[in-house]
Amino acid sequence: METKYINKSGIEQWFNAIVSSGKRVFAPVNSRGQVDFKPVKKLSEVADEYIQTTQSIKASVYPKAEVLFSYEKVNGKVNLTDFDPESVAETVLWKVHPCDAAGFKPLSAIFNWDTADKLHNAHLVKTSVISFSCAAADESCFCTSVNGSPGNTAGSDIQLTMLPDGGAIAEILTFKGETLVALMPNVFEADKGEKKEKYLVDLPTRFNLEEVNAKLNKAFNSTVWKEQSERCLGCGACAFVCPTCACFDIQEDAHGSKGRRIRCWDACGFAMFTLHTSGHNPREHQSQRWRQRILHKFSYMPERLSVVGCTGCGRCSRACPVDMNILEHITSIAKQ
Amino acid sequence: MKKLRDRAAELLSQGVVSLVIGYEEGTKRPRPLFCRNSEGAEKLIFDSHCFHNLAVYITKKELVGKERFAVTAPISTLRSIMQLYVENQLSEEKLLVITVDLSGELREFTTFDEIAAYVAQFELKRGEREQEILSKIEGMTREERWKFWMEEMSHCFKCYACRSACPLCYCSKCVVEVNRPQWINPWPAPLANMEWHINRAMHMVGRCTACGACGDACPVGIPVDLITRKMMEDLAPEFGYVPGQPAKQGNALSSWKLDDREQFIR
Amino acid sequence: MSSNTDFEPKIIAFVCNWCTYAGADLTGTSRLKYATNVKIVRFPCTGRIDFLLLLKSFAQGADGVIVSGCHPNDCHYTSGNFHARRRWIAFRSILDLMGVDIRRIQYSWVSAAEGSKWADLVNNTVADIRALGPYAEYQKVADYLEKEGYNEEA
Amino acid sequence: MSKIGVFICHCGENISATVDVERVAREIGGMEGVAHAIDYKYMCSDPGQTFIKEAVKKYGLDGVVVGACSPRMHEPTFRRACAEAGLNPYLCEMANLREHCSWVHEKSEETTEKAIDLVKMMVEKVKKNKPLDSIKVPVTKRALVIGGGIAGIQASLDIANTGHKVILVERDPSIGGHMSQLSETFPTLDCSQCILTPRMVEVAQHPNIKLYTYAELESLEGFIGNFKAKIRLKAKSVNYSTCTGCGACIQKCPVKKIPSEFNAGLGTRTAIYVPFPQAVPNKPVIDRVNCNYYKRGACKICEKTCQVGSIEWDKEDEIITEEVGAVVLATGFDVKGTDFFPEYGYGQYKDVLTGLQFERLASASGPTFGEIRRPSDGAIPKKIVFIACAGSRDPAKGIPYCSKICCMYTAKHAMLYQHKVHDGESTVFYMDIRAGGKNYEEFVRRAIEEDTVNYVRGRVARVYEKNGKLIVKGVDTLLGGEQVEIEADMVVLATAGVANCGSEQLAQKLHVSYDPYHFFAEAHPKLKPVETNTAGIFLAGACQAPKDIPETVGMASGAAVKVAALFSNDELVREPVVAVVNRLAPPLYSTCVGCFMCETACPYNAIEHEEIKGRDGSLIRTIARVNQGLCQGCGTCVAFCRSKSIDIQGYTNEQVYAEVMSLLND
């Protein structure tokens, strides 16, 4: 790990070098009234004024629907074409928030908890993350309450902290990061000794994670779930914008004698998610599904995978049509 | 506001209703509130920022239970309630509807006829946002419209917030979840999304009251409400129905006229 | 669009049992010739025809669709065709709004006595769709899972 | 995996001349799930069918596809063959290789490929077919006939004579209908009453007929074979079990000036009355609207007169329920009154009459005892004008149709007039003379030639009164539009026949459809003229459209045969091509959410409400249920159902989807 300084024009030259290297570059772009990660070619396309992209980088790294394998039956013989990890394009994510980058850890923990997930890992290997530390936050942000921070480097390959002169402190964190630096090493100057903390937004913690965890351990039968979830509509918006939600569905796209099996995003908040063929639904009510969502992230994952299933990005709160504010709900549980 | 809170508290404490569905202050704007006692009623608010269509909750049995309940309803919610009524989803005995009229007075409806008469006073108009986007769409060629919507559809990740927020999407099993046959591909892909939204619009023919809840709910900002709205604007005059003032003897697609348009039929 | 004489359009016809299917039978008994491109799927009534089938047809590679049933007032079930007519008015309006090419769906009334009308309908529709060309705009997006690849036209 | 047998027919050379049938069989034989595929010269022949039967057994087939002619031709044949081999007949489908392929295309690669596609399509469909059982509905062998005119009388007698019970409901105090009002009937000029009254009496005395007069249908529920009719017996105020029909009360009734309905307003009747002397039953009812006692609370003269104490002042309407298996609608028609015609004085001229009023004048039992006299002054009209098509065939009047009977009865009227007033002069204004029918044209010619009725082709623009005469202004279009003006003593309008008042409400009660003029709609204009689109409800007579007596009687007998045929079996067997609402395990029970939009879409009122109740009897949900007796299998509800909760057997979503996909996936 190495810290360097890169000036304003250096940033642009380096960015252009990454683009010309042939890698796909995704960065936040402002279009249709929303800021989201999109393929970009020029630095000027990258959005400036925003707190958070609508969707997390999950949307750029993992396709919403992806072919696990395809098949064709010819003269009674089945030809199978498996997923090819090499088909995944090298991707660089530019201007990722630390809370997004931090999402890779819980995602990997889930996808690889017993057998390694070929697709997930292929995407991960091909992705490099250039994060920008956060100089601003809004009322939905709470990374500092879930072991994160505006300058958290977890999951990043390089982290830039923007300086008033337009340049940035560059923390080169991994080998992938070094590879990116190597595309234009000369723009990286020696560290000027600036403390990056000075440029980070001050985000006080909103709740104590251990305290919440302790409360949740005893809360399975609490009435709080019903109270909190009454207005929840049961859509999947929170799950789909979440950087750590990993629920998926397997579907068949069959056309006569050929077809493909598709993995696509799903959400534990959907009523159908746990519906059995028999008609029985172990999570019949919205309150049970809401409980599952919270307990999974704040209790089951820390317990079983040793990682908190939330990075405090606040996207679910922003995306929710009925203001299911996760911070408010967790805080209220902590206070109980 | 005080009148509403007092009345709600009264209804709850006297046991007239067991639940009042209304609005409270939310993070950035009002949000739905469920009060089951007079304490909860203190949080009630009702103003022009109360946008959510609360009719979406009144068909959820696990929520409203078996006892009588009240709902505070701006005009858009009232229209949905009327539509739900003709679709046999509501009963007069169980529902008390409260609104605040233009003069700020509290009004209570115990019958659907009263609601129908009240709703009839209000005209459904395009707002600025709808006007802006729709006139843009109306100015496009067919190919441009296809491109426009395919771009929009590419953002859809099928969270079904549009469906969840719609008071009229109360099916216990939506057609997208029907898999024998799989009418609509369940994965989020541009055309599969397009199919979903075309299907949604078809299912809303003669039913959509243009409350805008679906578009408001979309986390990725697709103006899905304008699909159903434009459909409604185009078809309501032709089929002779008024959104929110439904006919009991059948909706636009379950009825017909001898002289319905057919110049497109060769 | 340029007309393409090598292009053999795939067209599916959704017809009712009592009028158009019987009409097409009469075309046969009258030995009137028409193009082989159209294949008939039989329904009890036009009222039975689901709009989703039309959408699926295009997604699965159809270039055109014919929907045909009894003339108004002739429906075997008295009003199935009237219900269908309304459904198609609504469906066309929505498809047009979404930018789907509604010229590729040909609606018609063909009675059991109109064997020659059926032959004409098929031949004219085949010619029309041939002139429009393959419905690539729709078909090519059918298999894509992600936006990339089709939206960024070279 | 399916085991489907495919049988490709050459149809002699009809198919094999343009389609390479061997290749079709060969390629289909390689398809997934096809266990056996052959081609043969004539599949429908005995040996052909034997191939199928043997293959079903030998290969244990669970589906059969016959690629041959149109299923409209031989589907029953091949389904029967399958059934005989022990395979459910509904697991057999046909691919139309002849009418839809070989006959309409030239011999070519494409033609054969299309044939392959068509067979493939049916193979994919059959894979999704399910064994179906025909639907059996029990039949209550009792008929309800509504309307006691000649149509209802004929239908009742015909049904009763087949040994089945009939309930005949008549709105008026007597049966007989319009026919009882007629003087003489065309084209034979026999007396209407003479031929009708014996039939009326036969009805009253028939052991199989239960007659309810002064009664109306209140409601009808159920379906073919199983209707429940609620009938309102209007209070007659007279106890028929004791009344002897002596008529003394009628003599004494002080209210005597009520226009007689039977005499079309030309005569009068009393408040307690029998509509006409030959009425069946020949017992009076009290017209409560006009009775002094009911109006003012005092009178009761009839009660004093009645020797047997039959007057029941406090009698109330009674509602009875009858279970029936079939209904015959014979509610007849009405004619437009003279007040419908502004151009002819809005009914203000007393001597402008309707054809029905003229019937009463000409009738021996009428107000003038058969003499043609002017209602205004009782004088015998010396000049009379008949105006045909008064209202009929006049879109401006809202009656574009032909009332059908007017040409004939107008000729009859003119003839009767000439027979009764020998020095009289009669003129008929007509648009066309429609005298189609046995001996009809001859009848009209006789009126013109033998009875010297003056026929003028043209319309009458105006009728107005001047110096006690009715001035009839018209044109003679055969004489180049020459103005014709006749000073007449009497004018008779052949006013349009219209639907009976209340027919719309009745149609709604019965759930039968009706045309824009409120005549009941037949199920098919050609092939099902006596059926309605509601199974088990039939039509007889002028309630369907204006028609004359022989046609009415024929139709009534037709309806009776339909009823008798229905009653000839204990159960009704129907094709199982009907809609069904899905049922699932609790807690869902069904995906139907009970919006009941299907109920409003169904042309047959086949959608019912089914209450799903818990073990404690509490209502869980209300969902739709299809009444298989009423459903005709159009499938409109299926395409309409948003949650795909209704499906139609034989054309299920899975089946049609598989068909479409097979055509597109290669």
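**Close-up views of chains A and B**

**View 1. Two domains are assigned in chain B of this predicted model.** The domain assignment places domain 1 of chain B at residues 2–119. Domain 2 of chain B covers 128–254. Their C-alpha centres are 26 Å apart.

**View 2. Domain 1 of chain B touches domain 2 of chain B.** Domain 1 of chain B brings 17 residues to the contact. Domain 2 of chain B brings 15 residues. On the domain 1 side, helix 4 (75–86) and helix 5 (112–119) of chain B each supply at least two residues. Helix 4 of chain B gives the most to this side, with eight residues. By type, the residues on the domain 1 side are nine nonpolar, seven polar and one charged.

**View 3. Eight strands build an open sheet in chain A.** The strand order is 3-2-6-7-8-9-1-10, and the pairing is mixed. Strand 3 (34–39) and strand 10 (188–190) of chain A each have a single partner strand, so one side of each has no neighbour in the sheet. These two strands stand at the edges. From one strand to the next, the twist averages 30°.

**View 4. Strands 8 and 9 of chain A run antiparallel.** Strand 8 spans residues 158–162, and strand 9 spans residues 168–172. Five bridges join them. Look for A:Leu160, which stands opposite A:Ala170 in strand 9 of chain A.

**View 5. Helix 1 of chain A lies across four strands: strand 1, strand 2, strand 6 and strand 9 of chain A.** Helix 1 of chain A covers residues 8–20. Strand 1 is 2–6, strand 2 is 24–31 and strand 6 is 91–96. The helix runs at about 110° to strand 1 of chain A.

Key. Residues are numbered from 1 along each chain as its sequence is written. Chains are lettered from A and ligands numbered from 1 in the order in which they are written. This is a predicted model: local features need pLDDT of at least 70, side-chain atom pairs count only at pLDDT 80 or more; totals for chains, interfaces and linings use all residues. Two strands pair if DSSP finds at least two bridges between them. Axes are lines fitted to C-alpha atoms, for helices over the stretch in contact, and angles run from 0 to 180 degrees between N-to-C directions. Two residues are in contact if their C-beta atoms, placed from the backbone, lie within 7 Å. Domain bounds come from an automatic or database domain assignment. Ala, Val, Leu, Ile, Met, Phe, Trp, Tyr, Cys and Pro count as nonpolar, Asp, Glu, Lys and Arg as charged, and the others, Gly among them, as polar.
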